[in-house]
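Grab a pencil and work through these short exercises with the model open beside you. Try each one before reading its solution.

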Amino acid sequence: MIDLESIGKTQYRKGIPASPGIVIGRAFILDTERPHVAAECILPERVDEEVERFQAAVDDVKSELLRLQNSLEEELGKEHARIFEAHLMMLEDSMVLDGTIRRVREDRLSAPLALTETIGSVTAAMERTDDEYLRDRVYDIKDIERRLLIRLLGRESDTLRHLSDDVIVVARELAPTHTASMHKERVTGFATEAGGRTSHAAIMARSLEIPAVVGLGRMTDLIDQGESIIVDGTLGIVAYKYDQSILDYYLDRKKKYEEFERSLLKLKDYPAVTRDGRKFELAANIEIPDEVDSAISHGAEAIGLFRTEYLFIARDNPPTEDEQYEAYRHVVEAMAPSSVVIRTLDVGGDKFGPRGASPREENPFLGWRGIRYSLSKPDVFMRQLRAILRASVHGSVRIMFPMISSLHEVRDAKQVLEASRQELRTSGTDFREDVEIGVMIETPAAATIADMIADEVDFMSIGSNDLVQYSLAVDRGNDRVAYLYDEYHPAVLRLLEQTVRSAKKRRKWVGLCGEMAGNPLSVLLLIGLGLDELSTSPLMLPEVKSIVRSTSYNSARKTLQKALNMKTGSEVRRYLEGIFRKRYPEISATELIG
Ligand code: PEP
Ligand code: MG
C-alpha cells in the first residue's frame with residue numbers, strides 16, 4: 001500500500017472509493033461554468049411561485065456557503081473562512097435580491113433571467129469604477145450568480161456535452177442531469193466533493209466503467225482547470241501537483257490492475273456456482289439502455305435492475321410511450337431469452353424526474369418518491385407500464401415497483417398495471433400476459449412485512465442502498481454522515497436475513513440489487529443468505545463470480561451466522577476482512593478492499 005506521507009511534493013486528497021481503477025488525465029472543473037439562461041418570460045399567475053423559487057434558491061445557496069465556510073474554518077482556520085463573508089453578504093444585498101424580484105414582478109422575467117439581468121447591471125457599474133476593491137467583488141458576485149443559477153435551473157451548462165478532449169470531471173457534485181447530457185466517451189474519471197458510495201456519481205461511474213472518487217470534501221478550489229491529476233478509484237485518492245515518483249508508482253499500479261481485471265474476465269462464460277454446487281444468478285444493474293452491452297461482455301446472466309429514471313431526466317416532458325418502448329425493447333431483445341427486471345420510475349430522493357416533476361421538498365428521501373410519485377400520476381405511470389408490457393413480447397420481462405412501504409401500494413400498483421393491460425387488450429396491442437411482478441424491499445417497513453408482501457408478488461429484490469439509508473436514518477448521499485452508513489450494522493443484517501427467510505418460506509424468488517452485491521466483502525455474507533440472484537454494476541460481476549466460485553455455500557452460511565451474532569458493524573467488517581485476506585490473497589494484493 002502506498003505511503004501517502006512519503007510522496008514528496010505531491011498533494012493529494014482522500015475521499016470515498018466509488019468506482020475502481022486508476023486514471024491519469026486533465027481535470028475539467030465543472031463548477032466554474034455558468035449555466036446558459038434562456039430568454040424566458042412567465043405568465044402573470046406564475047409570478048408569486050417564481051419569486052418563491054428564487055427565495056428558496058437564495059436560502060439554499062446561503063446554507064451551502066455556510067457549510068463550506070465551516071469546513072474551511074475547521075481545516076484552515078478562521079482567516080481562510082473569511083473569504084466567504086463577502087459572498088454571504090451578497091446574498092443579503094438588496095440591490096441584487098430586490099432588483100431580481102422586481103424584474104420578476106414588473107417585467108415578468110423568469111427568475112434566472114431576472115437574476116442575470118440584475119447582476120449584469122450591478123457588475124457593469126462596478127467594473128467601471130476605479131475602486132480596485134469593488135472591481136474584485138465582481139468575481140464574487142458572478143460566483144454567487146452561478147451558484148444561484150445552478151440551484152434555479154437544476155443543472156450545469158451544456159459544456160459536458162461538447163467536450164473535445166478526454167477529461168476527468170471534477171465537481172462539487174454530479175447530478176443525474178449532468179451525467180445525462182455528458183459526452184461519455186470523453187469522460188475518463190470523476191472526482192467529486194460530495195457524495196457517498198451509492199450517490200448518483202458513484203453509480204454512474206461504475207456503469208461507465210471509469211474510476212471515481214467521491215466525498216472528497218474539497219477539490220475544485222485546489223486544482224486548476226486543465227491540470228493533470230490522478231484519480232485512484234480503488235483506494236479513493238486524488239493526487240495533484242504530483243512528482244515523477246508518484247507518476248511511476250501509479251503507472252505501474254495501473255498496469256497491474258488492468259492485468260488483474262483481464263484475468264477475471266476469463267471467467268465470463270463460467271456459471272456462478274459455489275464449490276459445493278449452489279448456483280446463483282449473477283445479473284447486472286443498468287441505467288441506460290446502451291449499457292446492456294457492458295452487461296453482456298462482463299458475463300451478466302440477466303438484468304436484475306434496469307433503472308428507468310435516466311430516460312426521464314434532463315427533459316421538459318416525460319418520454320412518450322413509444323420512446324420508452326424502444327428503450328426497453330433494445331435491452332429486452334439484447335438479453336433474450338434471459339430476463340430483464342424493469343423498475344418503474346423511481347424519481348424523488350436523490351433522483352430527479354422530468355423538469356418540474358418533483359418540487360423542492362424539505363425531506364426528499366421521505367417524500368414524494370418512487371411508487372408514491374407513480375401512483376399519484378396515473379397517466380405517467382400507465383404510459384410506462386404499457387411501454388414495458390409491449391416490450392415483453394421481445395423476450396423475458398419482469399416488472400418491479402420501487403420504494404414500497406405498505407401492502408396498499410403493492411395492491412394499487414397491481415391495479416394500475418391491470419388497467420394498463422386492459423387498455424392494450426382493448427386496442428389489440430400485443431403483450432405477454434405472464435409478465436412477473438415484483439417489488440423492491442428497500443424500506444424497513446417492507447422488510448418487516450416481507451412475508452405479507454411475498455403473498456402478493458412473484459419476486460422481490462432487496463435494495464440495500466436504500467434499506468441501509470432508511471434503517472440507519474443516514475442520508476446515503478451526505479458525506480458528513482457517510483461514516484454511519486454501514487451495511488454490516490446488525491439492524492441491516494437482521495432485516496436482510498428476515499427478508500430472505502420470508503421469501504423462502506413463501507417459495508418466492510428473492511434477489512439483491514443494491515451496491516452490497518458488488519462489494520467483495522459483503523458477497524461473503526450474501527452467499528450465505530441463500531439469495532437467488534445478486535445484481536450489481538457490470539464492472540463488478542467478474543470479481544463477484546470469482547468469489548462465488550471459490551466459496552462453499554456451507555461455509556458462507558457459517559460466516560453469516562457468526563456475523564449475525566456480532567454486536568457492531570465494525571466487528572463484522574473486521575471479521576470479513578480477516579476471512580478475505582486469508583482466502584483471496586490475490587484480490588487483497590491488488591488493494592481492492594483498501
Ligand atoms: C437500492 O436502493 O439499493 C437500489 C438498488 O435502488 P437505487 O440505488 O436506484 O435507489
Ligand atoms: Mg433504491
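**Exercise 1.** Where is the place of Glu291? Once you've found it, work out what surrounds the side chain.

*Solution.* Keep in mind that this is a predicted model.
- Step 1: look in the loop between strand E10 (279-286) and helix H10 (292-297); that's where Glu291 sits.
- Step 2: check for a charge partner. Glu291 is buried but has no salt bridge. Arg307 is the nearest side chain of opposite charge, and it is 7.6 Å away. A salt bridge would need a nitrogen and a carboxyl oxygen within 4 Å.
- Step 3: look for a polar partner instead. A polar atom of the Glu291 side chain lies 2.8 Å from the backbone nitrogen of Glu287.
- Step 4: list the contacts beyond four places in sequence. For Glu291 these are Ser207, Asn285, Ile286 and Pro538.

**Exercise 2.** Find the protein donors of the magnesium ion (ligand 2) and say which parts of the chain they tie together.

*Solution.*
- Step 1: pick out the donor atoms. They belong to Glu442 (OE) and Asp466 (OD), lying 2.0 to 2.1 Å from the magnesium ion.
- Step 2: place both residues. Glu442 is in the loop between strand E14 (436-441) and helix H15 (444-448), while Asp466 is in helix H17 (residues 464-472), so the pair links parts that are 24 residues apart in sequence.
- Step 3: check burial. Both Glu442 and Asp466 are buried.

**Exercise 3.** Describe helix H18 (residues 490-505): its span, its buried residues and what follows it.

*Solution.*
- Step 1: compare the span with expectation. H18 has 16 residues and reaches 22 Å from first C-alpha to last, close to the 22 Å expected at 1.5 Å a residue.
- Step 2: go through the buried residues. They are Pro490, Val492, Leu493, Leu495, Leu496, Thr499, Val500, Ser502 and Ala503.
- Step 3: think about the spacing. An α-helix has 3.6 residues a turn, so residues three or four places apart point the same way.
- Step 4: step past the end. H18 is followed by Arg507, with a positive phi near 55°.

**Exercise 4.** Now for some backbone oddities: which residues other than glycine have a positive phi, Ala473 and Arg507 being the ones to check?

*Solution.*
- Step 1: take Ala473, in the loop between H17 and H18. Its phi is near 55°, and Ala473 is exposed, at 71% relative accessible area.
- Step 2: take Arg507, in the loop between H18 and strand E16 (509-512). Its phi is about 55°, and Arg507 counts as exposed at 76% relative accessibility.

Notes: Residues are numbered from 1 along each chain as its sequence is written. Chains are lettered from A and ligands numbered from 1 in the order in which they are written. This is a predicted model: local features need pLDDT of at least 70, side-chain atom pairs count only at pLDDT 80 or more; totals for chains, interfaces and linings use all residues. Side-chain values use heavy atoms; hydrogens and water are left out. Helices (H or I, at least four residues) and strands (E, at least two) are DSSP runs, numbered from the N terminus. The expected span of a helix is 1.5 Å times one less than its number of residues. Buried means under 20% relative accessible area, exposed over 50%, partly exposed in between (1.4 Å probe, protein chains only). Donors are N, O and S atoms within 2.8 Å of the metal (3.2 Å for Na, K and Ca); water is not among the atoms, so sites may look incomplete. Lys and Arg count as positive and Asp and Glu as negative; His and the chain ends are not counted. A polar contact is a pair of N or O atoms within 3.5 Å; within protein, one must be able to donate a hydrogen and the other to accept it, and residues adjacent in sequence count only if both atoms are side-chain atoms. Contact means heavy atoms within 4.5 Å.
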